[in-house]
Structure formats: structure tokens, C-alpha cells
Amino acid sequence: MVIRDALTSSHLLDAFRLAEDGKTKLQEWSDVREPGLRLRVRKYNATWILKFKDHTVTLGPARRWNVVQARSTASHVRGMLKSGLDPRPWIDARLAGASAEEAAGVVLRREGKERNEWTLLVLMQRYRDEHIKVGRVVNTVRRPPSPNTLNDVDVMMRQQPFLDIAARLEGHPT
């Protein structure tokens with residue numbers, strides 16, 4: 001049975017009581033303020049879920065989010081689904097204690113890896129290998145780089161400010 005209402009903490013307490021009892025096959029509360037957000041109880045589990053188009057996404061255990069947090073999470077997940085992103089890594093990161101921004105970073109890194117985007121470190125290594133090491137052409141003659149030039153690039157790539165940003169993804173030029 002689905003009860004449509006503006007969810008409150010009393011609905012959440014009811015869900016906890018039903019889950020502790022463990023006798024409920026299925027009970028759902030559908031939030032009228034956040035479309036698709038539901039609080040579901042099955043046997044001993046109370047869970048937040050989001051239904052959006054043909055997707056049903058588990059947002060986490062009911063004890064993890066209060067009603068306001070569940071609405072915010074559902075809104076964020078819906079936006080990800082609309083954008084074609086997989087919200088599961090974001091949800092996993094949030095459940096593990098990451099902030100919304102940190103969790104977004106997890107999703108972007110994963111999406112970037114799947115699209116074969118490069119990290120700044122990879123781009124710098126390619127710059128060193130494909131541009132610096134091949135030298136430059138002066139008066140139609142290719143001149144190799146000096147040992148100091150190669151050393152300067154390598155030293156720069158080992159400096160702390162660069163190491164802090166080396167793992168950031170950059171778009172793959174096509």
C-alpha cells in the first residue's frame with residue numbers, strides 16, 4: 001500500500017516501528033513535495049528510494065537521512081539521472097560520509113575514466129615525451145633539447161603544487 005503525503009519525521013518514526021516489528025510485507029509513503037521520493041518498509045528494512053521514469057534508485061537506509069536530507073538527495077539523484085549519469089557512485093560516497101561535493105568528484109572521476117579522459121599528469125607526461133624530448137626545428141634542422149630543459153620539466157612535475165592537481169581529469173581532445 002502506498003500512502004501519498006508530505007513526509008515528516010512522524011512518518012519516518014512509523015517506518016522505523018514497522019521495520020522493527022518485521023511483519024510488514026510492503027508499506028510505502030510517497031512524498032508529495034519531492035516527486036518520486038518514497039519511504040519503503042519491507043520486513044525489517046526501512047529504505048529511502050527514488051522512482052524516476054523507468055529507474056528505481058535506492059538512496060540508502062531510512063536511518064541515514066532525515067526527511068529534509070532525503071528530499072535533497074532525491075533531487076540531486078534525479079538531476080544526475082536526467083543528465084545520463086549513474087548516481088550509484090555518488091550515493092555510495094555519500095553513504096560513506098563524503099560531502100555532496102566530494103561525492104560529485106567521485107562521479108566525475110569515474111565518468112572521466114570511462115570516457116578515457118586524461119589526468120593532468122598524463123597530459124604533462126605526453127607534453128614532455130612528444131614535445132620537449134623531440135626537440136625543436138631551427139633552420140630546418142631538428143635540435144634536441146638540452147639536458148637542463150628535460151631536467152626542468154621532470155623537476156616541475158615532482159613539485160608539490162603540481163602533485164596536488166596531477167590527478168585532475170582533463171577533456172580528451174578529439
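## A walk from the sheet to the helices

In β5, Thr47 has Pro61 as its bridge partner. This pair is a handy place to begin a tour of the structure, which is a predicted model. Thr47 and Pro61 help us find the pairing of β4 with β5: the two strands run antiparallel and are joined by 6 bridges. They form a hairpin with 2 residues between the strands, and in this hairpin Lys53 takes a positive phi near 50°.

Now step back to see the whole sheet. It is an open sheet of 5 strands, in the order β1-β2-β3-β4-β5, and its pairing is mixed. β1 (2-5) and β5 (55-61) stand at the edges with a single partner strand each, so one side of each has no neighbour in the sheet. From one strand to the next, the twist averages 25°. At the β1 end, the partner is strand β2 (residues 27-31), which runs parallel to β1 and is joined to it by 4 bridges. Look here for Ile3, which stands opposite Trp29 in β2.

Strands of a sheet pair through backbone hydrogen bonds, whether parallel or antiparallel.

Next, let us add a helix. Helix α1 (residues 9-21) lies across β1, β2, β3 (37-42) and β4 (45-52), and runs at about 20° to β3. A good residue to follow in this region is Leu39: leaving aside neighbours within four places in sequence, its contacts include His11, Leu12, Ala15, Trp29, Thr47, Trp48 and Ala62.

Leu39 also leads us into the largest nonpolar core, which has 29 residues. Leu39, Trp48, Leu59, Ala62, Val77 and Trp90 are the members that touch the most others. Two or more residues come from each of α1, β3, β4, β5, α2 (67-82), α3 (88-95) and α4 (100-114). Which element gives the most to this core? That is α2, with 6 residues. Apart from this core lies another one, of 7 residues, with Met124, Val153, Met157 and Phe162 among them.

In soluble globular proteins, nonpolar side chains tend to be buried together.

Our last stop is a pair of helices. Helix α5 (residues 120-132) packs with helix α6 (residues 147-157) at an angle of about 180°, and their axes are 11 Å apart. That angle is why α5 is described as roughly antiparallel to α6. Where they meet, α5 brings Leu121, Met124, Gln125, Arg128 and Ile132, while α6 brings Thr149, Leu150, Val153, Asp154, Met156 and Met157. Sorted by class, this contact has 7 nonpolar, 2 polar and 2 charged residues.

Key: Residues numbered from 1 in each chain as written. Predicted model: local features only at pLDDT ≥ 70, side-chain atom pairs only at ≥ 80, totals over all residues. Heavy atoms only, no water. Axes fitted to C-alpha atoms, helices over the stretch in contact; angles between N-to-C directions. Parallel < 35°, antiparallel > 145°, perpendicular 65-115°, else oblique. Contact = heavy atoms within 4.5 Å. Nonpolar A, V, L, I, M, F, W, Y, C, P; charged D, E, K, R; others polar. Pairing = 2+ DSSP bridges. Core = buried A, V, L, I, M, F, W, Y, C linked by side-chain atoms within 4.5 Å. Buried < 20%, exposed > 50% of the residue type's maximum accessible area, 1.4 Å probe, protein only.
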